[in-house]
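Biologist: Before we discuss this entry, I would like each label to be justified by its criterion. Please show the structure.

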Amino acid sequence: MTATLSAPPAVAPKPRPKSRFWAMFALPGVGWLVAFFVVSVYAVMAVAFGTVDPVLRTAVPAWNPMQWDFTAMRSVLDRIFGGDLGTVFIRTVGFVAASLAGCILIGYPVAYFVARKASKYRGLLLILLVLPFWISYLMRMLAWTNLLQVDGMVNDILGFLHLQNEPRNWLDGSASTVIWGLVYGYVPFFILPLYSTLERIDGRLIEAGRDLGASAAQTFVRVTLPLSVPGLMAASVITILPMFGDYYTNTYLTSGSPKTEMIGNQIENYLLGTSQPQTGAALVLVLMAFLFVLMAYYLVVTIRQQRMAER
Amino acid sequence: MISSRRDFLARSVQFGALLGVGIPLLQACGGSDSSSGKKTQTIADGLQPEKGPLRIFNYDSYVNPDVIADFEAQYGVKVEITTFTTDTEAVTKLASKAIQADVYHSMASTTIDRLIAGGVIQPLNKTYLTNFPNVLESLQDPWYDKGSAYSVPYVYFGTGIGYRADRIDPAQVEKDGWNTLWNATDFKGQVSVLDDEREALIMAMMRKGQFDVNTTDQKIIDQALADLTELIDLVNVKVNIDGYKNIPEGTTTIAQTWSADLINAYAGYLPEGTDASVLGFWHPPAGEYLVSNDSMGVVGDCEHPVLAHLYLNYMLDNAVAEKNFSYVGYLPALTVLDADYVIGKGYVPENLRACVPTKEDISKALFEKPLGVDGDAKYEAAWSKFTSGA
């Protein structure tokens, strides 16, 4: 008698009915997005492409796209590509790029230390990193306006350390003050997402690098740094998006110097101080479009990296 | 300590992020089309005041809380104050009915004609305003509201130069006038102009002898813009309304300011041990002096119009106005509170006498008047170019 083993019948698993239960978890988020993003953006568009009440000078939004008037948008684009607003845009991009560089230089070592080297102090350091969020951004900027006064603590300390002979007027409208203000304000937003990426890097990969003869620096450059790129990207996006719309950092740290005017200042001026809200709304849309390009690039890179990781 | 609405404007700029999008949205929700032709009726004589609460719409810190408390006690009502940060925001919220208010506390003169045309404020019944004769004679029939039919003046101030008298010779400021700002190359980064397109551009015009402060001539505006832009490289000019604290604190040496800013500077912002003599204020001679005032009005379709009238009358009482002045630092537009009185009472030091406009200053004053949509657009475009630093 020969015993034969037969393969189990190839019965296809019964497809499980798709549960709508988990899909419903997305509903609050979708509702939120519709209410506070889609509708809001459409309202901004309706204002940008609408008119102004001739008496009260308030915005008269054009809800019907057939009635949209692109005059304000055309004017804004003309001024960006060859006019005064172009200067402000380029200056804003420059400030944000320099501030991002500052965030990387300061934030990366901090995030790396907390994630990989802090060991038992990690919890304490994380609390310290979150601490700035307990105080409003505005209050922190106001504090700096006091610290940076000619007779403020910054000059006192620099003088005490003999790092400068004469007290400097830090608030005289210089770009460097605005850039450092942005770095100071946003670096916690940079560190936290980067920390979470660095913390998740498998330590065995770094050990393997060292075992294979790479120096500490080589291991960092060839293993840690590439693996932290997703975190760097996320941290950069989270940081630069609000920076582009920031205007109070400049307002407070330069007392309104035209030399450091950012695009957010122009938006504020048009929406709050003029009879041309449609111009302010058009500027908002242009800035959103610009940021959308940056965001799309981030998404493309992230998706590519995910696919590579899955292979 | 005297604080001011200018202080609040500077402190509350953070809310602009919200309001910047929120204001047009509020208007959008209102769904109004053109607002012209809406007129409201005046209330009848001899009505009993409503039970309240009286809802006041005002800049923050622009009325003395003690004065409000006294009103509540006197009339047995509750007063609720809602604040705004700019004229634009206030008009938009009132017009779209995003806010229910009884008293619009601080209307700019240049917007009153539009508020009347849009039905945002209602005609006043003068029988309730028994203190109206206390108002400065020249403002009882103001250019922006004939016969004060819709408004009563609240406070007034002039535009001049606030400066540090310990750093720059007052005689030199007197001699140079508006040129003081352009000559201040020794004070780079310590010079500022008002964050107000018309005020700043008009200053540049007056420096060149152009005293039609309501011109819409593009050439004159362009020239003023070019002159103002010179200040960016010459003195690294700042654009703000912070003279009231920056001058006493010493971070600003020369600033185009409102006269009330220096009164505020004296009352609340001089560092301990610093004498009031460090403060100086210059303004152009009568006939070339730009004077402005804020006004109070009753909101068009408000719930408590009688109580609102009583409040306006209360604020025109001499003693109440003086008490209010001791807090806000802006001069009430009442005859009794002249320079001799406020200096004698110690509210203003003698060296800042110029901060209180004289009768002649007011009678010959230049006033900013409404320019229409196109006229305003010219100034706004020039201002945007100036502040862009391009």
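Modeller: The following exchange takes up the domains, the contacts between them, and some local features.

Biologist: What kind of model is this?

Modeller: The structure is a predicted model, and side-chain atom pairs count only at pLDDT 80 or more.

Biologist: What makes up the domains of chain A?

Modeller: Chain A is divided into domain 1, residues 29–69, and domain 2, residues 86–310. The C-alpha centres of these two domains of chain A are 32 Å apart. Their contact draws on eleven residues of domain 1 of chain A and eight residues of domain 2 of chain A.

Biologist: How do you know what kind of atoms supply the area buried between domain 1 and domain 2 of chain A?

Modeller: The two domains of chain A bury about 730 Å² between them, and 82% of this area is on carbon and sulfur atoms. Helix H1 (residues 27–48) of chain A gives the most to the domain 1 side, with six residues. That side of domain 1 of chain A divides into nine nonpolar residues, one polar and one charged.

Biologist: How many salt bridges are counted between domain 1 and domain 2 of chain A, and by what criterion?

Modeller: A salt bridge requires a side-chain nitrogen of Lys or Arg within 4 Å of a carboxyl oxygen of Asp or Glu. The count between the two domains of chain A is zero, so no pair across this contact satisfies that criterion. The count of residue pairs in polar contact, both at pLDDT 80 or more, is also zero between domain 1 and domain 2 of chain A.

Biologist: Why is the aromatic pair of A:Trp32 and A:Phe36 called tilted?

Modeller: The structure holds 38 aromatic pairs over all chains. For A:Trp32 and A:Phe36 the centres are 4.6 Å apart and the planes are at 45°. Rings pair if their centres lie within 6.5 Å, and planes under 30 degrees apart count as stacked while those over 60 count as edge-to-face; the pair of A:Trp32 and A:Phe36 meets neither angular condition and is therefore tilted.

Biologist: Where do A:Trp32 and A:Phe36 lie?

Modeller: Both residues belong to helix H1 of chain A, where A:Trp32 and A:Phe36 are four residues apart, about one turn of the helix.

Biologist: What makes up the domains of chain B?

Modeller: The assignment for chain B gives domain 1 as 5–156 + 293–350 and domain 2 as 157–290 + 367–388. Their C-alpha centres lie 27 Å apart. In the contact, 18 residues of domain 1 of chain B meet 17 residues of domain 2 of chain B.

Biologist: What do domain 1 and domain 2 of chain B bury, and which polar links are counted between them?

Modeller: The two domains of chain B bury about 1600 Å² between them, with 66% of it on carbon and sulfur atoms. Zero salt bridges are found across this interface of chain B, and one residue pair is in polar contact, both residues being at pLDDT 80 or more.

Biologist: What is notable about the peptide bond from B:Gly52 to B:Pro53?

Modeller: The bond from B:Gly52 to B:Pro53 is cis, with omega near 0°. Most peptide bonds are trans. B:Pro53 lies in the loop between helix H2 (15–30) and strand S1 (54–59) of chain B.

Biologist: What sign does phi of A:Ser119 have?

Modeller: Phi of A:Ser119 is near 40°, a positive value. Most residues other than glycine have a negative phi. A:Ser119 is located in the loop between helix H3 (84–117) and helix H4 (122–130) of chain A.

Note on methods:
Residues numbered from 1 in each chain as written. Chains lettered and ligands numbered in written order. Predicted model: local features only at pLDDT ≥ 70, side-chain atom pairs only at ≥ 80, totals over all residues. Heavy atoms only, no water. Domains from an automatic or database assignment. Contact = heavy atoms within 4.5 Å. Buried area = accessible area lost by both parts, 1.4 Å probe. Polar contact = N/O pair within 3.5 Å; in protein donor to acceptor, adjacent residues only side chain to side chain. Helix = DSSP H or I, 4+ residues; strand = E, 2+ residues; numbered from the N terminus. Nonpolar A, V, L, I, M, F, W, Y, C, P; charged D, E, K, R; others polar. Phe/Tyr/Trp six-rings, centres within 6.5 Å; stacked < 30°, edge-to-face > 60°.
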